[in-house]
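Hi everyone, thanks for coming. Let me show you the structure on my screen, and we'll walk through it together.

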Amino acid sequence: MSVLPFRARTGVEPLELEESVPEIQALKHALWREQAELARVSAERCQLADAFQGQDMLMLNAKAERCFRRVAELRPGEVRSWFNLGKARFRNQAYEGARAAFNEAILLNPEPNVRSQIPFLDAVMNANDGHLGQALEQLDAVIPQLSAGQARQAEAIRDEIRAQLRRTPSASGP
């Protein structure tokens, strides 16, 4: 054991250390609670993957939305948290909520891959809401920004919208 005084060994007076112990303990407990919550959310994600087999897709999508909403609450500064929540809501056809989550993701300045997917998904939501003309314009604007696979998917949707507009010209929507 060192014979140097405590201050010389640590640079801290014993009294200062004793005064900060409750604060350190409180921070440790807060960290443990946060880690436990993140572990619970991670376990929920794993359960989602396991539950996929044989479970109704709508129930699975609702569970995914709840999980991603919780992740966004725990990690509000992460683009992926909001983007995943938006995609889950998109799959549940909760378009207003999806748009709100995507807007949160955009505010966090996402990487180009995510930034280009959001207008594409918005175009699909507009098409599903019957706003075909608006969706067509959005798709024309976003296709050059998409990856090759996404661009093919967007082109197929665009072609489908054009065909529908030819069949029913009044279906262009506002």
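One thing before we start: this is a predicted model.

Let's begin in the middle, with the nonpolar core. As a general point, nonpolar side chains in soluble globular proteins tend to be buried together. Here, the largest nonpolar core has 33 residues, and the members that touch the most others are Phe83, Phe90, Phe102, Phe120, Leu139 and Ile161. Which helices supply this core? At least two residues each come from α3 (57-74), α4, α5, α6, α7 and α8 (148-167). The largest share belongs to α6, with eight residues.

Let's zoom in on Phe120. Leaving aside residues up to four places away in sequence, Phe120 touches Leu139, Val142, Leu146, Gln153, Ala154 and Ile157. Two of those names are worth remembering, Gln153 and Ala154, as we'll meet them again in a moment.

Next, please find α8. This helix has 20 residues and reaches 29 Å from its first C-alpha to its last, close to the 28 Å expected at 1.5 Å a residue. Which residues of α8 are buried? They are Gln150, Ala151, Ala154, Arg158, Ile161, Ala163 and Leu165. If you're new to helices, here is a handy rule: an α-helix has 3.6 residues a turn, so residues three or four places apart point the same way. And what do the buried residues of α8 pack against? Their partners are α6 and α7.

That brings us to helix pairs. Two packed helices are described by the angle between their axes and the distance between the axes. For α6 and α8, the angle is about 20 degrees and the axes are 12 Å apart. Angles under 35 degrees count as roughly parallel, so α6 and α8 are roughly parallel to each other. Their crossing is left-handed. On the α6 side, the residues are Asn113, Gln117, Phe120, Val124 and Ala127, and they meet Gln150, Gln153, Ala154, Ile157 and Ile161 in α8. So there are Phe120, Gln153 and Ala154 again.

Now compare that with α4 and α5. Are they roughly parallel or roughly antiparallel? Their angle is about 165 degrees, with the axes 8 Å apart. Anything over 145 degrees counts as roughly antiparallel, and therefore that is the label for α4 and α5. This crossing is left-handed too. The contact involves many residues, including Trp82, Phe83 and Phe90 of α4 and Tyr95, Ala101 and Phe102 of α5.

While we're in α4, have a look at Ser81. Is Ser81 buried or exposed? Its relative accessibility is 4%, so Ser81 counts as buried. Leaving out residues up to four places away in sequence, Ser81 touches Phe68, Val71, Ala72 and Arg75.

For contrast, go to Glu137 in helix α7 (residues 132-142). Glu137 has a relative accessible area of 60%, so it is exposed. Its C-alpha is separated by 8.3 Å from that of Ala123, which is 14 residues away along the chain.

Last stop, the loops. Gln93 lies in the loop between α4 (79-91) and α5 (95-107), and its phi is near 60 degrees, a positive value in a residue other than glycine. Asn109, in the loop between α5 and α6 (112-128), also has a positive phi, near 55 degrees. Gln93 is exposed at 59% relative accessible area, and Asn109 counts as exposed at 58%.

That's the tour, thank you!

Technical notes: Residues are numbered from 1 along each chain as its sequence is written. This is a predicted model: local features need pLDDT of at least 70, side-chain atom pairs count only at pLDDT 80 or more; totals for chains, interfaces and linings use all residues. Side-chain values use heavy atoms; hydrogens and water are left out. Helices (H or I, at least four residues) and strands (E, at least two) are DSSP runs, numbered from the N terminus. Buried means under 20% relative accessible area, exposed over 50%, partly exposed in between (1.4 Å probe, protein chains only). Contact means heavy atoms within 4.5 Å. A nonpolar core is a set of buried Ala, Val, Leu, Ile, Met, Phe, Trp, Tyr and Cys residues joined through side-chain atoms within 4.5 Å. The expected span of a helix is 1.5 Å times one less than its number of residues. Axes are lines fitted to C-alpha atoms, for helices over the stretch in contact, and angles run from 0 to 180 degrees between N-to-C directions. Angles under 35 degrees count as roughly parallel, over 145 as roughly antiparallel, 65 to 115 as roughly perpendicular and the rest as oblique. A crossing is left-handed if the near helix is turned anticlockwise from the far one by less than a right angle, and right-handed if clockwise.
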